[in-house]
Amino acid sequence: MISLDLLEKPNFAGGKFTFRMPQPFDDVLRTCERVLALSGVYQRGGRLVWINQSPTQSDGDWEFCGPRIEPIHPLALIGRLTEACRFVQTTKKGGEIERLPTASVTNCLFNQKRFKHLQNLSGLQCQPLLRPNGDVLSRPGYDVESGRFVILNDSFGDVMDSSNAVTLLTELLHQFPLDGNYAAVIAYFLTIACRGTIQGQVPCFVFDGNRPGVGKGLLARIGVIIGEGVAPPAYPGFPSNEELRKLLTSVAMQGASHLLFDNVSGLFGGPVLEAALTSGTITDRLLSKNDQVTLPFRSTVVCTSNGYQPTSDMVRRSITIELDSDNPTPHLRDDFEIDDLEAHVRDERPLFLMAAISIVSQHLKAGCPSHGLKPIGSFSDWDRIIRAAVVNAGLGDPCASLISQSQQVSSDEPSDVVDLLRDWCKFDEPLTVSDGLKLAKANPHHFSGISKLTDSGATAHSIGTMFRQSLGRVVEGMSITVIRHTGRPNQYSVEGGK
């Protein structure tokens, strides 16, 4: 509760408080903090911030949609203070003169790192708040317990049965080439919908298609629409480390729930993104000031690609969702169960959002029963809540791709990669992974290394990942050359092993 001991209450509804000066400097600062709190100002990362609920704002290549957190410029402090309070001084004749707070007061407020009388704003969310005990609160405004500001533009129903919720969400996925592997996509939906409930960090979600037009971008978008109610802005490609640090700082300050990298080709990852994903903070200069600011980074990072190349450390931070279509022109399909899936999800968003929340709510109310699998250490809270909820709903393990690819990267035994490259040297021309696997399947004895991989469950996607992770390296005298194509799969050749 904000103490108003030095403030006189307004005489009429909608009026301003009154603060009589002069007062000791510390009392002026303390009162100004309380006035700022009355005018909707919070603290975040040692900065004064407010909530901007206008539709969009551009920041270079990134466009923020919907509500966002913004720092307050020092010149705007006076306006914030005088919006809610009259600062007056009594004259010798008993009259009143309105005075503005001095520059020393506003400078001191702007340069403070901690504020005793301002609420800490940990984030925004545009969905009902899910408590750690499973209770669902549909009350807009600032939530003291979580430090989050809840903005609700829709009416939401009650929690539904978990099995009905699973059916509702999986029905959205039937028209995507996922081969029935829905666990990772449902985990993505639940993560976006219930991010405020997960105290720790969450993995990156990568939608990787074997060709353009398979629906990877649409699938990424509908998850954000379910969680946030708006289609996500997308950052084209993947930026350099310097640009990435600035982007992550902007995203963290804005309190954006997600960050989508669209159509990434080539390398994906690096120390800046990898550290943000596991540490949960980003440190950089803000507003061209010389001092640094450290902000909480709680955005869900999403990537779409047609054959990306993750760094070795990014592999264990990412859940890859493979979309593999045999249709050479999937963008020309006309056999959809739902013609305009994005519009359908937007229209029925409250229903799908409550389905996602219901699955997690019932899992929390049951005491978060274990999934019985080896936990993912870097994302322990997400593992306990989201992964376990998906596994216990009977959908399988959403981390299957993360575990499989991590084992390939971290294995001390490189024989699988060596055998793959040696077999690939036997081809006389560059081939796509799918074509190479078809030729190897026709002659398994001649291509024993590839046959061993496919017999152990390797797919065209996972073998493609092995190629991409080995690019630029010499493995027992062998090197990989990639021929990149637009609109169709890349081709690989291996030299030096014959």
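What follows is a walk through the fold of a single predicted chain, from its overall build to a few packing details.

The model is predicted, so local features are reported only at pLDDT of at least 70 and side-chain atom pairs only at pLDDT 80 or more, while totals for chains, interfaces and linings take in all residues. Residues are numbered from 1 along each chain as its sequence is written, and side-chain values rest on heavy atoms, with hydrogens and water left out.

The chain holds 17 helices and 22 strands; here helices (H or I, at least four residues) and strands (E, at least two) are DSSP runs, numbered from the N terminus. The C-alpha trace spans about 105 × 50 × 40 Å along its principal axes. Of the 498 residues, 51% are buried, where buried means under 20% relative accessible area, exposed over 50%, and partly exposed in between (1.4 Å probe, protein chains only). As for contacts (heavy atoms within 4.5 Å), 72% of those between residues at least 6 apart in sequence join residues at least 24 apart.

Two open sheets come next, with strands taken as paired if DSSP finds at least two bridges between them. One has three strands in the order 2-3-6, with antiparallel pairing. Strand 2 (42-44) and strand 6 (68-71) sit at its edges with a single partner strand each, so one side of each has no neighbour in the sheet. On average, neighbouring strands here are turned by 50° against each other, direction ignored; axes are lines fitted to C-alpha atoms, for helices over the stretch in contact, and angles run from 0 to 180 degrees between N-to-C directions. Three bridges join strand 2 to strand 3 (residues 47-52) in the antiparallel sense, and arginine 44 has arginine 47 of strand 3 as its bridge partner. Lying across strand 2, strand 3 and strand 6 is helix 7 (residues 241-254), which runs at about 105° to strand 6.

The other open sheet also has three strands, in the order 9-13-12, but its pairing is mixed. Its edges are strand 9 (123-125) and strand 12 (141-143), each with a single partner strand, so one side of each is left without a neighbour in the sheet. Neighbouring strands of this sheet are turned by 30° against each other on average, direction ignored. Strand 12 pairs with strand 13 (residues 148-150) over three bridges, again in the antiparallel sense, and the partner of glycine 141 in strand 13 is valine 150.

Moving to helix packing, helix 5 (residues 183-193) is a good place to start. Eleven of its eleven residues are buried, so helix 5 is largely enclosed by the rest of the structure. Among them are Tyr188, Phe189 and Thr191. Helix 5 packs on helix 11 (residues 349-365) at an angle of about 95°, with the axes 9 Å apart. The two helices are therefore roughly perpendicular; by the cut-offs used, angles under 35 degrees count as roughly parallel, over 145 as roughly antiparallel, 65 to 115 as roughly perpendicular and the rest as oblique. Phe189, Leu190 and Ala193 of helix 5 meet Leu353, Ala356, Ile357, Ile359 and Val360 of helix 11. By class, that contact has eight nonpolar, no polar and no charged residues, where Ala, Val, Leu, Ile, Met, Phe, Trp, Tyr, Cys and Pro count as nonpolar, Asp, Glu, Lys and Arg as charged, and the others, Gly among them, as polar.

Helix 15 (residues 433-442) and helix 17 (residues 460-470) cross at roughly 115°, their axes coming within 9 Å. That makes helix 15 roughly perpendicular to helix 17. Val433, Ser434 and Leu437 of helix 15 make the contact with Ala460, Ile463, Gly464 and Phe467 of helix 17. Its residues divide into five nonpolar, two polar and no charged.

Last comes the region around helix 8 (residues 271-279), in which Val272, Leu273, Glu274, Ala276 and Leu277 are buried. These buried residues pack against several elements, including helix 7, strand 16, strand 19 (300-310) and helix 9 (312-315). Just after helix 8, glycine 280 takes a positive phi of about 80°. Strand 16 (residues 258-268) contains leucine 267, which touches Phe238, Gln309 and Thr311, leaving aside residues up to four places away in sequence. The C-alpha atoms of leucine 267 and glycine 307 are 9.9 Å apart, although 40 residues separate the two along the chain.
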